[in-house]
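Let's take a walk through this structure together, starting from a single residue and working outwards. Keep the viewer open as you read.

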Amino acid sequence: MVAAAHVGVSATPTRAWSEPVAFAAMVLLLAVLPAFVYPVFLMKALCFALFACAFNLLIGYVGLLSFGHALFFGWAGYVSAHLAKVGQLSFPFWAGGWQWIVIPLPPLPPELAILGGTATAALLGLIVGSIAIRRQGIYFAMITLALAQMMFFFAVQAPFTHGEDGIQAVPRGRLFGLVDLSNQTNMYITVAVIFLASFLMIYRIINSPFGEVLKAIRENEPRAISLGYRTERYKLMAFVLSATFAGVAGATKSIVFQLASLTDVDWPMSGEVILMTLVGGLGTIFGPVVGGFFVVTMENYLTSIGQWVFVVQGSIFVFCVLLFRRGIVGELARHLRVRL
């Protein structure tokens, strides 16, 4: 408890009003921006901002660097798209040879499809986390990358993913049988609500006693162990929670764009979420949101330069690492003496 309390005191902002004001400003922007910006662009930015927040929960508050978070983002998208378009579930089992158990289901409504994708991400997070947390540092990162790539090649071969074509023409459907999500305004409001609800849950986790223990593990794991905390359990729970919120982002994105593809499960997506988190501000609650919007905006407006966009991204990454060590929000918070 001493370690947890020590971390909590060191992170206490000098102005208690900073976070509520920043959250209110964010909500106001989300309400106003659709009048000036194309809603589909905003929905994409919100999905990636949530993905970055999920990743930041793991690296920013536990100190675990995952190179394979696209696994949860992409597979949640695949499952969500499949449930919304087809519904039928198939499970392989061994009985003297591989056979399949088929569960006939109709196409599911969007809320159940997103829940199905999220549950898949949570299950994958439990499996991957149980294996990866046995190691630390670069070994942890490489295990997550290896498992993510293994699942990427499975996605290439699995029949229901349709390989390089992906799952296309995914119906948006009607939310709870009432709200027509084919309407862009309705879809945007739904995505914004999902993002804000997930953001608040992540905020609550970070500022709970559980979150304080995570910070203590990040700062000094041997000391946390000496105080009686079973750190592997805490790290596994944090990993599963991070995978779950990444799954919410991926599942929502597949419904928004009516598409689930290999792009979302490949390793560059894992690198992209790392870039978003570092540019916005590692270990800050609002940093990943700013980083997600920044990277998506940059990609949107630099598409005309083709492959050079990766050179620009790399240059910005180096610039932030050298001059903005705390990221955009981290540096802003330091100068204003607040926590964001």
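L42 sits in helix 3, and this is a good place to begin looking around in what is a predicted model. With a relative accessible area of 2%, L42 is buried, because anything under 20% counts as such. Which residues does L42 touch, once those up to four places away in sequence are set aside? They are L33, P34, V37, Y188 and F293. If you follow the chain from L42 to C53, you move 11 residues along, and the C-alpha atoms of the two are separated by 16 Å.

Helix 3 also leads us to a wider feature. The largest nonpolar core has 93 residues, and within this core F72 and F195 touch the most other members. Helix 3, which covers residues 39–59, gives the most to this core, with 18 residues. As general background, nonpolar side chains in soluble globular proteins tend to be buried together.

Now centre your view on F72. Leaving out residues up to four places away in sequence, F72 touches A121, L124, G125 and V128, and also F239, A243, A246 and G247.

From the core, let's turn to the surface. A nonpolar patch there, of about 630 Å², is made by F317, V318, F319, V321, L322, L323 and F324. One of these residues, V321, lies in helix 12, which runs over residues 308–323. Is V321 buried, partly exposed or exposed? Its relative accessibility is 38%, so V321 counts as partly exposed, because that class lies between the 20% limit for buried and the 50% limit for exposed.

Finally, zoom out to the protein chain as a whole. The chain has 13 helices and 6 strands. Its radius of gyration is 20 Å, close to the 20 Å that the globule rule gives for 340 residues, so the chain is as compact as a globular protein of that length. Along the principal axes, its C-alpha atoms fill a box of roughly 55 × 55 × 40 Å.

How much of the chain is buried? Buried residues make up 50% of the 340 residues, L42 being one of the buried ones. The contact pattern adds to the picture: of the contacts with a separation of 6 or more, 75% are between residues 24 or more positions apart. As for the outside, the chain exposes about 16500 Å², with carbon and sulfur atoms supplying 69% of that area.

Key:
Residues are numbered from 1 along each chain as its sequence is written. This is a predicted model: local features need pLDDT of at least 70, side-chain atom pairs count only at pLDDT 80 or more; totals for chains, interfaces and linings use all residues. Side-chain values use heavy atoms; hydrogens and water are left out. A nonpolar core is a set of buried Ala, Val, Leu, Ile, Met, Phe, Trp, Tyr and Cys residues joined through side-chain atoms within 4.5 Å. Buried means under 20% relative accessible area, exposed over 50%, partly exposed in between (1.4 Å probe, protein chains only). Helices (H or I, at least four residues) and strands (E, at least two) are DSSP runs, numbered from the N terminus. Contact means heavy atoms within 4.5 Å. Patches are made of residues with over 30% relative accessible area and no salt bridge: like charges are joined within 9 Å, nonpolar side chains (Val, Leu, Ile, Met, Phe, Trp, Tyr) within 5 Å. Accessible areas come from the Shrake-Rupley method with a 1.4 Å probe; for residues, only the protein chains shown count as cover. A salt bridge is a side-chain nitrogen of Lys or Arg within 4 Å of a carboxyl oxygen of Asp or Glu. The radius of gyration is taken over C-alpha atoms; the globule rule is 2.2 Å times the number of residues to the power 0.38.
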